[in-house]
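Welcome, and thanks for taking a look at this one. Please have the sequence and the 3D view open side by side while you read.

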Amino acid sequence: LPIYWRWLEVISFFKYGNEAFIVNEFKGLVIRCDPDELVPPGCIPGAGCVCPVTSGDAVIAHLGMNPDRLVEDMGILTG
């Protein structure tokens, strides 16, 4: 995104609604993987396999969102 368009993020209602939704759904969530979701694919459970995502907080962090802004996001959306 060109630098001269980056200001649009600040006025985008989608940004605030999306962040509020993601934080509401994923904050504090514990994610458990089924055996077919382990990495590397085809790995036998217990033989060095890992679950790529283990918490909703990791999802929020990966998306670059801040769970502490939930009230702010809701305030901006309600005007």
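Here is a short tour by topic, from the confidence of the model to its bonds and its surface.

This is a predicted model. The average pLDDT of the protein chain is 90, and 100% of the residues score at least 70. The structure holds two disulfides and one salt bridge, and a nonpolar patch lies on its surface.

**Confidence**
- Where is confidence lowest, and where is it highest, in the protein chain? The lowest mean belongs to α1, at 87, while α3 has the highest, at 96.

**The disulfides**
- C33 is bonded to C51, with 1.7 Å between their sulfur atoms. Both C33 and C51 sit in the loop between α2 and α3, so this disulfide ties together parts that are 18 residues apart in sequence.
- Is the disulfide of C33 and C51 right-handed or left-handed? It is right-handed, because the torsion about its S-S bond is about 60°.
- C33 has a relative accessibility of 24%, so C33 counts as partly exposed.
- C43 is joined to C49 by a disulfide, and the S to S distance is 1.8 Å. Here the torsion about the S-S bond is about -105°, so the disulfide of C43 and C49 is left-handed.
- C43 is buried, at a relative accessible area of 16%, and C49 is buried too, at 18%. The cut-off for buried is under 20% relative accessible area.
- If you number the bonded cysteines of the protein chain in sequence order, you get the pairing 1-4, 2-3.

**The salt bridge**
- Side chains of opposite charge can pair when their charged atoms come close.
- Which residue forms a salt bridge with E19? The partner is R69, and the closest N and O atoms of the pair are 2.7 Å apart.
- E19 belongs to helix α2, whereas R69 is in the loop between α3 and α4 (70–78), so the pair ties together parts that are 50 residues apart in sequence.
- Is E19 buried or exposed? E19 counts as buried, because its relative accessibility is 3%. R69, in turn, is partly exposed, with a relative accessible area of 26%.

**The nonpolar surface patch**
- Which residues form the nonpolar patch on the surface? They are L1, I3, Y4, W5, W7, L8, V10 and I11, and together they have about 960 Å² of accessible area.
- One of these residues, W7, can be found in the segment before α1 (8–11). W7 counts as partly exposed, because its relative accessibility is 48% and the partly exposed range runs up to 50%.

**A cis peptide bond**
- Look along the backbone from V39 to P40: the peptide bond there is cis, and its omega is near 0°.
- P40 is part of the loop between α2 (13–26) and α3 (56–62). The bonded cysteines C33 and C51 also lie in the loop between α2 and α3.

**A residue in helix α3**
- A61 is a residue of helix α3. With a relative accessibility of 56%, A61 counts as exposed, since the cut-off for exposed is over 50%.
- How many Å separate the C-alpha atoms of A61 and I76? The separation is 21 Å, for two residues that are 15 residues apart along the chain.

Methods
Residues numbered from 1 in each chain as written. Predicted model: local features only at pLDDT ≥ 70, side-chain atom pairs only at ≥ 80, totals over all residues. Heavy atoms only, no water. Patch = residues over 30% accessible without salt bridge, like charges linked within 9 Å, V, L, I, M, F, W, Y side chains within 5 Å. Areas by Shrake-Rupley, 256 points an atom, 1.4 Å probe, with all protein chains shown as cover. Salt bridge = Lys/Arg side-chain N within 4 Å of Asp/Glu carboxyl O. Helix = DSSP H or I, 4+ residues; strand = E, 2+ residues; numbered from the N terminus. Buried < 20%, exposed > 50% of the residue type's maximum accessible area, 1.4 Å probe, protein only. Disulfide = S-S within 2.5 Å. pLDDT = per-residue confidence, 0-100.
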